[in-house]
Amino acid sequence: MKVTRITNSVFYVTLLIMSENIDAKINAVLRRGVAEFIDPEGKFSEKLMKKVRGEYEGDIVIKHGVDPTRPDIHLGHAVVLRKLRAFQELGCKVIFLIGDYTTQIGDPTGKSKVRPELEQKEIEENMKTYVDQVGKILLTDKKVFSWIRNSDWFTAITDLGFPSGHTVSLNINQDGKQVTINYDANSFPGKAAVFEKTRMQAKENPDKGVAVITLRGFLWTLRRVSHSRLIARDMFQERINKGEELYMHEMMYPVLQGIDSYVLSKIYGSCDLEIGGTDQTFNMLFGRDVMKINGVAEQAVMTVPLLSGISGDEKMSKSADNYIAITDSPEDMYGKTMSLPDSSIVSYFALTTYASDEEREEIKVKLEKGSVNPKEIKMRLAREIVASYHGEEKAEGAEKAFEETFRAGKMPENAPETVAQNGSSLADILIASGTVESKTEFRRLIEKGAISVVGGEKLPPDPKITVTNDMDIRVGKHRFIRIKVK
């Protein structure tokens, strides 16, 4: 009997410890690095607890949407992706929604400007790089990951168009025999065949019909949305108060994003949680409204803080070109991190590293007391960030390269090299090599003195400057290129 009692006691204690560990892990995922978690009735939290305890076998679906405005995923995106990874490790399924359709409309950037329109070809190219890059952070096993684009339901059959003369083959049953018929791809039967074959949602859930949001369906939703509700968005109010233009397509963006959540719930069986930056709070909450009026369970909403850009004065943004891409080379990633203002150090440790709460608090206290050189802390930060995406060995190499380059004024050993004709325009050389994106960027950099010879003087502010001899060029703080003249 004594043995039985001891065994039961140990078993009980083990269960208690496991239960406490589960509670602590879930609490950490729901609270750490989170700006706001909105789960009014606690349904998501309860469902997650059951999932982790093995009491719920279905999918917990978590949505994260991105508009592929430019090809790089940066550390600001990674803040959300790291949170998504934590949910995956609890058994949740992440739906990575590519807003290829809504990118053409554009959610306001938060800078009181209308987002520029992008061509579909550019969107497609950016979309491919997004999907390739998320695997650096997220698990991509089908059980816990799926991606889909919202043009899948916002594109109707009649929206499709093909080159003249393009045909589509259809196999039909005619008098008990399989017959192949070729249709003009631009005919309705041809478009319908292509539409059915290319819907991603049909592959995700072949047992359900294909969801298509028509103008009629969109208007049905709009009839249940008040103007006052839409206009309450803070960035809309800011534009109105400044007397700036606010266009109707921008006001429709939250509605379309909400429809995305509704459609995902139909495709995947639920859309339990949407995660995004704090600038997306309005849109994600609006998703709850759209789901409610369509009669499906409302998603919970989680926001994470926005990571400041390398300038430290605004959020990390591709449009502002103040970002660190997760595909940056180790040297670029390290160098950009070292250029951060000291005021960003603590937030970067919190949002981009796995440092514990205790470690972050210790760093904060040391910086406030001035008992440590901020550069030393920043070097640790840079190493940890680079190691996260490239490994420890690359991080050590990047640190060594940084010390040699920026302290000794040397050219990086692995700097790219290009060959140019004598008398070639420096602008054309830098654009062709990918060192700068355009003549506009080159003109801006050369005129502000941001282009120089490594170990030498800044180049004169002449946009028409030419190259007549070999040069090691530094552009800004982190870009280098070795030019060989033939």
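This short presentation describes a predicted model of one protein chain, from its confidence to its sheet, cores and salt bridges.

Good morning. In this predicted model, local features need a pLDDT of at least 70, side-chain atom pairs count only at pLDDT 80 or more, and totals for chains, interfaces and linings use all residues. Residues are numbered from 1 along each chain as its sequence is written, and side-chain values use heavy atoms, with hydrogens and water left out.

I begin with confidence. The pLDDT, which is the predictor's confidence in each residue on a scale from 0 to 100, averages 84 for the protein chain, and 90% of the residues score at least 70. Two stretches deserve caution. Residues 1–18 stay under 50 and have zero contacts beyond four places in sequence, a contact being heavy atoms within 4.5 Å. Over residues 110–118 the pLDDT is also below 50, yet this stretch has 25 contacts in the model beyond near neighbours in sequence. Where pLDDT is low, the predicted coordinates should not be read in detail.

I turn to the sheet. Helices (H or I, at least four residues) and strands (E, at least two) are DSSP runs numbered from the N terminus, and two strands pair if DSSP finds at least two bridges between them. Six strands form an open, mixed sheet in the order β1-β8-β7-β2-β3-β4. Its edges are β1, residues 36–38, and β4, residues 145–149, each of which pairs on one side only. From one strand to the next, the twist averages 20°. Within the sheet, β7 (residues 273–277) and β8 (residues 300–304) run parallel and are joined by five bridges. One of the bridge pairs places Gly277 opposite Val304 of β8.

Which helices lie across these strands? Helix α3, residues 75–88, lies across β2, β3, β4, β7 and β8, at about 155° to β7. Helix α11 lies across β2, β3, β4 and β7, at about 140° to β2. For these angles, axes are lines fitted to C-alpha atoms, for helices over the stretch in contact, and the angles run from 0 to 180 degrees between N-to-C directions. Helix α11 spans residues 248–268 and includes Tyr262. Beyond residues up to four places away in sequence, Tyr262 touches Val290, Met291, Asn294 and Val296. The C-alpha atoms of Tyr262 and Gln299 are 9.2 Å apart, although 37 residues separate them along the chain.

A separate pairing involves β5 and β6. Strand β5 (residues 167–174) pairs with β6 in the antiparallel sense over eight bridges. Their hairpin has two residues between the strands, and Asp175 takes a positive phi near 55° there. Strand β6, residues 177–184, is hardly covered, with zero buried residues among its eight. Buried here means under 20% relative accessible area, exposed means over 50%, and partly exposed lies in between (1.4 Å probe, protein chains only).

Next, the interior. A nonpolar core is a set of buried Ala, Val, Leu, Ile, Met, Phe, Trp, Tyr and Cys residues joined through side-chain atoms within 4.5 Å. The largest has 63 residues, and those with the most contacts inside it are Phe44, Leu48, Ile62, Leu75, Phe87 and Leu273. Its largest share, eight residues, comes from helix α16, residues 374–390. Apart from this core lies another of 31 residues, among them Phe218, Met251, Met252 and Phe282. In soluble globular proteins, nonpolar side chains tend to be buried together.

Finally, charge pairs. A salt bridge is a side-chain nitrogen of Lys or Arg within 4 Å of a carboxyl oxygen of Asp or Glu, and the whole structure contains 24 of them. Are the partners buried or exposed in the pairs Lys43 with Glu41 and Asp328 with Lys336? Lys43 and Glu41 meet at 3.1 Å, N to O; Lys43 is exposed at 56% relative accessibility, as is Glu41 at 62%. Asp328 and Lys336 meet at 2.9 Å, N to O, and here Asp328 is buried at 13% and Lys336 is buried at 15%. Within helix α2, residues 43–53, Lys50 and Glu46 lie four residues apart, about one turn, and their closest N and O atoms are 3.5 Å apart in a salt bridge.

I close with Arg360, in helix α15, residues 357–369. Arg360 is buried at 18% relative accessible area, and a network of salt bridges links Arg360 with Arg32 and Asp357. Leaving aside neighbours within four places in sequence, Arg360 contacts Arg32, Phe349, Ala350 and Ala355.
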